[in-house]
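Visitor: Please show me the structure, and then let us take its features in turn.

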Protein chains: 2
Amino acid sequence: MSRQLHFNLFLHDTGHHEASWRLPESDPYANLSLAAHQHLTRVAEEAKFDSVFLADSPVLWSDPGRRPSGKLEPTLLLASLAATTTRIGLIATASTSYNEPFNLARRFASLDHLSGGRAGWNIVTTAGEAAARNFGLDEQPQHRTRYERADEFLEVSTKLWDSWADDAILADKQAGVHAARDRVRSIDHHGTYFRVDGPLNVPRSPQGYPLLVQAGSSENGKEFAAKWAEAVFVAQPTLRESQDFYADLKRRAVAAGRDPDHVVILPGIVPVIGDTEAEARELDAELERLIAPEFAVATLATVLGVDADRLRLDEPLPADLPGEDEIEGHKSRRTLIVEWGRRENLTVRQLIGKLGGGRGHRTFTGTPVQIADTIQHYFENGAADGFNIMPAVLPSGIEAFAAKVVPILQERGLFRTEYTGRTLREHYGLPRPANRLELISR
Amino acid sequence: MSRQLHFNLFLHDTGHHEASWRLPESDPYANLSLAAHQHLTRVAEEAKFDSVFLADSPVLWSDPGRRPSGKLEPTLLLASLAATTTRIGLIATASTSYNEPFNLARRFASLDHLSGGRAGWNIVTTAGEAAARNFGLDEQPQHRTRYERADEFLEVSTKLWDSWADDAILADKQAGVHAARDRVRSIDHHGTYFRVDGPLNVPRSPQGYPLLVQAGSSENGKEFAAKWAEAVFVAQPTLRESQDFYADLKRRAVAAGRDPDHVVILPGIVPVIGDTEAEARELDAELERLIAPEFAVATLATVLGVDADRLRLDEPLPADLPGEDEIEGHKSRRTLIVEWGRRENLTVRQLIGKLGGGRGHRTFTGTPVQIADTIQHYFENGAADGFNIMPAVLPSGIEAFAAKVVPILQERGLFRTEYTGRTLREHYGLPRPANRLELISR
């Protein structure tokens, strides 16, 4: 079979546009509603998407006045969604800086069992002082320290997932032996950040490990992705930048000794679909009108590392912004925004309008055929293995994408018409990892 | 309406008897099966039980050879079960020693939202060196230290659950204001064990707080229960001991300034049901035959704090066992077992036989009428507000209890025939807690 696209739906209550909750059609309580998430996931599963995904941070993320800001904990929400779905993958963000590896490795192994092999983990190190102050710290650990801890966190987690051999459970009722004791082993990890004896108290899960996903695209982030990630979410505003990122990350994976096909690259896109181009542009414009600038300026200022009063709505960005090296936050997002603003010579107001929709992700505005064409062009020109679909408005944005764009791509042979696999790894064409403890002990 | 019983089903894969997995009827993979847990929970919900409950510890709990020892993480498993149930309460154990309050408070608030107000938290401090060694420690914190941390953990958690006012969300689309910023507040907790700024990133949940449950009955445990617990699971082998515990804990609650009716006491019972007494006794005997003594001796030795070779199968317990003060583990379980063994002059083999069934909980063996009579007797004689039902074998034990014992109690007016409430607190007749930050700020 020829190479096919992969699609992930990035769940985000009423949509990725920050003003989407203000539309008449939107349920402003969708962020707290299991039923709303069940509906979105069902639409994506009926369209044969590979997965759905929930972002997260252990902190109140945005001004609660601005948009629905409360967020249900993603591993629990996905565990709920596992009960009412059968095929679609379930990817949750969780932080390596503010969790213990034993607890988190166990939660993902549990989600993988509960879902029959559909769990994925988007690994983040969590930027920001505010999160640190929810966990006893005065300030956040440095960017490099966070990534060193993340690397060791993954070492511990994979050891724990391997602590039960795949054939450990005998279930021998006659002999009265449930599991072979020599096939369940301590890990005795004594490292820089963690000491964990193990074994895990959950047997090896259907996928072995959850699908490992990563989204940071700073230098540290890309090195981490090249070593660990099997799927990568990325924000790149142009085709050329997507191609550069794609080629660079595949090269880094090869340099790390990995098969480049085992790192699936999924740029984020914000499809804004109209039956005509004019209709699509009208939806775009309506959303931009609904943005409240005072909230948006405050957020932009945080990302850029400056005081809000330095940003003037109808002027371009100040010339003397702090560099990527001077901030401890979302380094790559900061750089992307600054470069975008300067390249297109945007005022702060114009920049906010564009960011309100996609936060740096590419917005594809147009008819279903136009959007399908663009997706195909990226896919066939070294820019993407698939896409992280981030509809500006939900559920209508994914309903339109599923009903109008997916069938075009299926007709062109670019997207599956039925699931052929059972697990999330099978959907993405990724292998089930061998048990490393197994290899050592035999 | 006159006072009625409350029932909790203690979920435990193939049953609470350690040899239950060896019966021909048992699925030895039930511990990892969502479908098996869905079935048990459905049976309990159809019987109008108040709740189901999952125990837990962040460590491989027992010898994996002995019985199914892998356990899915309970908050995730209950989140899955929330999606396929509508009324029954969902109680998960979680440790205050090996979690961060921000993360755990958030998970319970999320479970409460996902389930429409059906979440409960069984608060444990987690005994044992093995658990400590999964979290970077050489040895476990002392019993008293663990309870001090638990107390502050609850302070932080309740502040976080109160950090959003109940009326914080305005969802004012016209004005573009989602939540009132002055109704979402930092908690700025700077204590001995924790520094947490908050606010939580989840709005106040349907129940305000999850139902707070506790099960330790050491001196520290009882003081903690008197202060915080709204439902208490307890193991007491005789009616007299249940009465003493019941009176003592209600007195302590009053001394702590609380309404004694707001502490619901639920002794654990192991019903072994037969259509005749002889049939019930035969099931008991069959289970006892299936216990593998070498595993059971090792576990007993751990609880008692002695080497396994000090215990001889056909002799009574040694006279010189370490006292409750000398062990750091499950103090009250240790004392209960020692007193039981000495009172009835049991050999180690006999003690293991009894513990294999109920681990110190009262086994009620008999016909449905006999079991209903005993339940009523406890309930009407100051020993219980209801029961934590721990069937020796699952699912058959809960199916028999639901089909044969529950209707007798319903006929006698002692148990509900329909749910009258929506939330777990309503099932147990407990109030929704007021928002404390609210009281301070107004």
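Visitor: Which strand of chain A and which helix of chain B each supply at least two residues of the lining of the largest cavity?
Guide: The model is predicted, so local features need pLDDT of at least 70 and side-chain atom pairs count only at pLDDT 80 or more, while totals for chains, interfaces and linings use all residues. Residues are numbered from 1 along each chain as its sequence is written, chains are lettered from A and ligands numbered from 1 in the order in which they are written, and side-chain values use heavy atoms, leaving out hydrogens and water. Helices (H or I, at least four residues) and strands (E, at least two) are DSSP runs, numbered from the N terminus. The two elements that each supply at least two lining residues are strand E3 (89-95) of chain A and helix H3 (101-114) of chain B.

Visitor: How much space lies in the largest cavity?
Guide: A cavity is a set of points, on a 1 Å grid over the protein atoms alone, where a 1.4 Å probe fits but cannot get out, and lining residues have an atom within 4 Å of a point. Grid points are joined across faces, edges and corners, and a volume is the space filled by probe spheres set on the points. The structure holds six cavities of 30 Å³ or more, and 14 residues line the largest, with A:Asp56, A:Glu73, A:Asn99, B:Asn103 and B:Arg106 nearest its centre. The space in this largest cavity is about 150 Å³.

Visitor: Which side chain of opposite charge is nearest to A:Arg258?
Guide: A:Arg258 lies in the loop between helix H7 (239-255) and strand E11 (264-273) of chain A, and a polar atom of its side chain is 3.4 Å from the backbone oxygen of A:His262. Lys and Arg count as positive and Asp and Glu as negative, with His and the chain ends not counted; a salt bridge is a side-chain nitrogen of Lys or Arg within 4 Å of a carboxyl oxygen of Asp or Glu. A:Arg258 is buried (buried is under 20% relative accessible area, exposed over 50%, partly exposed in between; 1.4 Å probe, protein chains only). A:Arg258 has no salt bridge, and the nearest side chain of opposite charge, 5.3 Å away, is A:Glu230.

Visitor: How many residues apart in sequence are the parts that B:Asp385 and B:Lys250 tie together?
Guide: B:Asp385 forms a salt bridge with B:Lys250, the closest N and O atoms being 2.9 Å apart. B:Asp385 lies in the loop between helix H12 (368-380) and strand E13 (386-389) of chain B, and B:Lys250 lies in helix H7 of chain B, so the parts they tie together are separated in sequence by 135 residues.

Visitor: Is A:Asp314, the partner of A:Arg349 in a salt bridge, buried or exposed?
Guide: The closest N and O atoms of A:Arg349 and A:Asp314 are 2.9 Å apart. A:Arg349 is partly exposed, at 40% relative accessible area. With a relative accessible area of 53%, A:Asp314 is exposed.

Visitor: With which side chain does the side chain of A:Thr238 make a polar contact?
Guide: A:Thr238 lies in the loop between E10 and H7 of chain A and is partly exposed, at 25% relative accessibility. A polar contact is a pair of N or O atoms within 3.5 Å; within protein, one must be able to donate a hydrogen and the other to accept it, and residues adjacent in sequence count only if both atoms are side-chain atoms. At 2.7 Å, the partner of A:Thr238 is the side chain of A:Glu241.

Note on methods
1 Å grid on protein atoms, 1.4 Å probe; cavity = no way out; pocket = protein on both sides within 12 Å on 5 of 7 lines; lining within 4 Å.
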